[in-house]
Amino acid sequence: MIKVGINGYGTIGKRVAEAVTLQDDMEIVGIVKTKPTYEIRGALDAGFPVFASTKAKIPFFEKKGIKVSGVTEDLVEISDVIIDCTPGKLGVNNMAMYQNHGTKAIWQGGEKHDPIGVSFNALTNYQSSINQDYVRVVSCNTTGLARTLYPLENRYGIDNVQAVMVRRSGDPKDSDRGPLNSIEPVLNVPSHHGPDVQTVIEGINIQTMAVKVPTTIMHVHCIIAELNSEPNTDEIISMWESTPRVNLLEGFIESEGNKIRNLPGTAEIMELARDSLYTRGDLNQIAVWKDGVHAFGKKLYYYQAIHQESDVIPENIDAIRAMFNLESDNMKSINKTNKALRIN
Ligand code: NAD
């Protein structure tokens with residue numbers, strides 16, 4: 001059993017912790033919190049040992065009656081791997097601490113590729129992380145782009161990709177985020193998403209733009225991929241149907257001779273996830289609208305939606321397996337993780 005510690009117990013950290021408990025080859029040995037706020041509830045209910053981020057913080061936990069098992073360094077010492085889920089750009093500062101204790105570490109997409117050196121997506125480049133000590137699981141948007149572009153690259157070859165990310169402004173719990181009533185473009189072009197895809201699909205020619213919109217539940221990508229030969233949309237849909245962690249959905253369906261709304265937008269897609277009793281109502285798969293897939297000549301147009309809180313969770317599990325070489329075949333790890341998390 002690989003001993004896993006979670007540093008940073010927010011949106012991503014708590015989900016990774018829960019996913020680890022569902023695997024038979026790894027276990028949680030503790031989680032780090034900075035403050036005894038409401039988000040500690042799940043850790044206490046699951047019986048995860050709680051570590052304070054610093055010694056000075058311990059009394060705040062004790063005042064709330066929460067038993068503290070030590071500080072971050074104590075957790076690093078007893079862990080085989082730390083999943084660093086602290087806020088973006090902070091996590092990389094912990095590298096020296098992990099190195100000092102000889103503990104492997106996985107960071108998230110808020111960190112840059114360079115200081116870590118290896119970026120991970122289970123479908124596209126699992127092998128690069130085998131036996132590595134430090135790995136970064138790419139962001140939710142990059143994970144989504146990688147999952148649908150990789151099969152296209154393999155089957156047709158990609159000449160270039162132009163994509164616009166319509167991004168949620170914050171997670172549902174982030175009441176301090178915005179914009180509340182505005183649409184904000186990312187004025188740097190290309191946005192960081194395109195270059196980030198190149199860290200997991202080497203050499204892909206992709207440029208991206210992004211806008212932030214007042215919603216909390218999903219991102220939507222509008223993608224134009226120019227392929228090396230003319231695509232057949234039926235073939236592409238069936239290819240994606242057999243791609244793990246990609247879900248083909250219908251925006252509109254025929255009923256009594258009429259076209260009716262089925263899953264026209266992200267609100268309905270997340271309601272479907274809740275109806276399907278996925279953990280927390282999450283959707284680990286990338287949702288692609290079947291009826292939004294179109295081809296003109298060599299250009300393929302499609303839309304996909306990303307559940308930002310959860311698509312990277314199974315990727316963290318697979319990254320652990322690669323780093324400890326528990327499984328050398330990416331599809332075997334993906335299938336094992338999917339089965340444990342009930343991802344179909
Ligand atoms: P979050 O703000 O929900 O959680 C971060 C947690 O880390 C918070 O509980 C915070 O209190 C804690 N923290 C802050 N400083 C700390 C420290 N010094 N030591 C220990 N804990 C500390 O953030 P998140 O959304 O879970 O993001 C974590 C990482 O995952 C970031 O790199 C982010 O870019 C990436 N990511 C986020 C999403 C998303 O949509 N939320 C999706 C994919 C990847």
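**View 1. Cys140, a buried cysteine.** With a relative accessibility of 14%, Cys140 counts as buried in this predicted model. Look for its closest cysteine sulfur and you will arrive at Cys85, 13 Å away, which is too far for a bond. A disulfide would need the two sulfur atoms within 2.5 Å.

**View 2. Cys222, a partly exposed cysteine.** Cys222 is in no disulfide either, as the nearest cysteine sulfur, that of Cys140, is 15 Å away. Its relative accessible area is 28%, so Cys222 is partly exposed. Across the whole structure, the number of disulfides is 0.

**View 3. Helix H1 and its packing partners.** Here we meet helix H1, which spans residues 11-21 and is mostly covered, with 9 of its 11 residues buried. Among the buried residues of H1 are Thr11, Ile12 and Gly13, and also Lys14 and Arg15. Val16, Ala17, Ala19 and Val20 of H1 are buried as well. What do the buried residues of H1 pack against? Their partners are the strands E1 (2-7), E2 (26-33) and E4 (81-84), together with the helices H11 (313-323) and H12 (330-341).

**View 4. Met270 in helix H10.** Met270 belongs to helix H10, which covers residues 266-275. Its relative accessibility is 4%, so Met270 counts as buried. Setting aside neighbours within four places in sequence, you can find Met270 in contact with Ile217 and Met218, with Gly281, Asp282 and Leu283, and with His307.

**View 5. From Met270 to Ala105.** Met270 and Ala105 are 165 residues apart along the chain. In space, 31 Å separates their C-alpha atoms.

Definitions and conventions:
Residues are numbered from 1 along each chain as its sequence is written. This is a predicted model: local features need pLDDT of at least 70, side-chain atom pairs count only at pLDDT 80 or more; totals for chains, interfaces and linings use all residues. Side-chain values use heavy atoms; hydrogens and water are left out. Buried means under 20% relative accessible area, exposed over 50%, partly exposed in between (1.4 Å probe, protein chains only). Helices (H or I, at least four residues) and strands (E, at least two) are DSSP runs, numbered from the N terminus. Contact means heavy atoms within 4.5 Å.
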